[in-house]
Amino acid sequence: MKIPIKQLASGFQMPVYGLGTWQMGGRNERDPKNNDNADISAIRYAIERGVTHIDTAESYANGYTESLVGQAIKPYDRRSLFLVSKVHSSHLEYQQVIDAARFSLDRLGTDYLDLYLIHRYSLSTPLGETMQALDELIHQGLVRNIGVSNFPVEKMEEARALTKNKIVCNQVHYNLKYREVEKEGVLRYCQEHDVMLVAWRPLQKGLLLDAVPPVVSELAKKYGKTPTQIAINWVISQDHVVTLSKTSNNDHLQENLGAVGWSMDTEDIEKLRSEFPNQEIVSDAVPLHYSE
Ligand SMILES: NC(=O)c1ccc[n+]([C@@H]2O[C@H](COP(=O)([O-])OP(=O)(O)OC[C@H]3O[C@@H](n4cnc5c(N)ncnc54)[C@H](OP(=O)(O)O)[C@@H]3O)[C@@H](O)[C@H]2O)c1
């Protein structure tokens, strides 16, 4: 299927649904017991079904996830894919960023990234140093676009003032339950400043709908969709928002793809926004504000 795209006023485009890779190959370290072939097959299955946006990071399985992605994408035309990786918050000095990007390219087996993100801001390295390195990566053609992740509004403003290039996205935790980006004004900032908000963990790692709330069941019935499809569709129904979900399961991928290409009525989107139970205003995984 052709996954719909969203486009910024600047012309930058992203598909509304991308494949996440966190936990493919391991968690923070490589898991020798991981079924690597299953993850490679899952990435290929997604590509065969129209997924082009693949999200990874140097820190996933300590680089091993990028190697798996590299193996998975080998048979495909690189230009048909939209590859995203991230530099870890412990590598944000100028030369560290340049080196980290080169290592990521090597592991991915490609000579450019479509988008390169600061995974999280550092409390010690001045942001200007990192932004200068990202500008250099664009200048060298190793990276096509730059963005940030887990940045609150004031950090986005700071980053914007320190780069020659456009910050095209902020990748943040956002789903029906976790609303920190609404509460902290990040969603509004992205909408008003022409920045894509890339919502990670739309299914709260599959836990979001362990018990399906009545408001979700009601809308699933109304639209003839599954609760998971309602949850993903709600995220991408927000202006300037696209999403990423990880799955190594082909049935889940098919289900998730059924979440795109249609819309709920505005009153239903707003009903979900207000009635989804047990909402949280701080991420349980990566809060926007943090101290050591
Ligand atoms: N920038 C950041 O700091 C940051 C942080 C976290 C994540 N991310 C990125 O965002 C991506 C998505 O987030 P996430 O992986 O944490 O969470 P997620 O996509 O909400 O959830 C993934 C989990 O949900 C399961 N799942 C997927 N589709 C399903 C379905 N239709 N029905 C039931 N279960 C389903 C998957 O298991 P199966 O494999 O069995 O389907 C997997 O365990 C990550 O993979 C990563 O690339 C970025």
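# Briefing: helix packing, ligand shell and selected residues

Helix 3 and helix 4 lie oblique to each other. This arrangement belongs to a predicted model, in which a ligand is surrounded by 26 residues. The points below take the helix pairs in turn, then the shell around the ligand, and then a set of individual residues.

**Helix 3 and helix 4**

- Helix 3 covers residues 94–108 and helix 4 covers residues 127–139; their axes come within 8 Å and cross at roughly 40°.
- A crossing of roughly 40° is neither under 35 degrees nor within 65 to 115 degrees, so the pair counts as oblique.
- The crossing of these two helices, helix 3 and helix 4, is right-handed.
- On the side of helix 3, the residues that take part are Y94, V97, I98 and A101, and they meet E129, T130, Q132, A133, L134, E136 and L137 of helix 4.
- Sorted by class, this contact of helix 3 with helix 4 comprises 7 nonpolar, 2 polar and 2 charged residues.

**Helix 1 and helix 2**

- The axis of helix 1 (residues 36–48) comes within 9 Å of the axis of helix 2, and the two cross at roughly 55°.
- That angle makes helix 1 oblique to helix 2.
- The crossing of helix 1 and helix 2 is right-handed.
- Helix 1 contributes D36, D39, I40, I43 and R44 to the contact, while helix 2 contributes L68, V69, Q71 and A72.
- The contact of helix 1 with helix 2 divides into 5 nonpolar, 1 polar and 3 charged residues.

**L68, a residue of helix 2**

- L68 is located in helix 2 and is one of the residues through which helix 2 meets helix 1.
- L68 counts as buried because 26 C-beta neighbours lie inside 10 Å, where 20 or more are required.
- Leaving aside neighbours within four places in sequence, L68 is in contact with M24, G25, D36, D39 and I40.
- One of these partners, I40, stands 28 residues from L68 along the chain, and the C-alpha atoms of the two are separated by 6.3 Å.

**Helix 2 and helix 3**

- Helix 2 also packs with helix 3, at an angle of about 40° and with the axes 7 Å apart.
- Helix 2 and helix 3 are therefore oblique to each other.
- From helix 2, residues E66, S67, V69 and G70 make the contact, and from helix 3, residues S104, R107 and L108 do so.
- This contact of helix 2 with helix 3 holds 2 nonpolar, 3 polar and 2 charged residues.

**The shell around the ligand**

- Of the 26 residues that surround the ligand, the closest are G20, W200, G206, S245 and K246.
- Two elements give two or more residues to this shell: strand 10 (241–246) and helix 10 (250–257).
- By class, the residues of the shell are 6 nonpolar, 15 polar and 5 charged.

**Positive phi values in loops**

- A61 has a phi near 50°, which is a positive value in a residue other than glycine.
- A61 is placed in the loop between strand 4 (53–55) and helix 2 (64–73).
- A61 is buried, because 24 other C-beta atoms lie within 10 Å.
- Q204, likewise not a glycine, has a positive phi near 50°.
- The loop that holds Q204 runs between strand 9 (196–200) and helix 8 (214–223).
- Q204 counts as partly exposed, because 18 C-beta neighbours lie inside 10 Å.

**The segment after helix 11**

- P277 is found in the segment that follows helix 11 (266–275).
- P277 counts as exposed, because it has 11 C-beta neighbours inside 10 Å, and a residue with 12 or fewer is placed in that class.
- P277 and L176 are 101 residues apart along the chain, and 8.8 Å separates their C-alpha atoms.
- L288 also lies in the segment after helix 11.
- L288 is buried, because 22 other C-beta atoms lie within 10 Å.
- With neighbours within four places in sequence left aside, L288 is in contact with N150, P152, E180, E184 and V186.
- The C-alpha atoms of L288 and Y121 are separated by 9.4 Å, although these residues are 167 residues apart along the chain.

Key. Residues numbered from 1 in each chain as written. Predicted model: local features only at pLDDT ≥ 70, side-chain atom pairs only at ≥ 80, totals over all residues. Near = placed C-beta within 6 Å. Helix = DSSP H or I, 4+ residues; strand = E, 2+ residues; numbered from the N terminus. Nonpolar A, V, L, I, M, F, W, Y, C, P; charged D, E, K, R; others polar. Axes fitted to C-alpha atoms, helices over the stretch in contact; angles between N-to-C directions. Parallel < 35°, antiparallel > 145°, perpendicular 65-115°, else oblique. Left-handed = near helix turned anticlockwise from the far one by under 90°. Contact = placed C-beta atoms within 7 Å.
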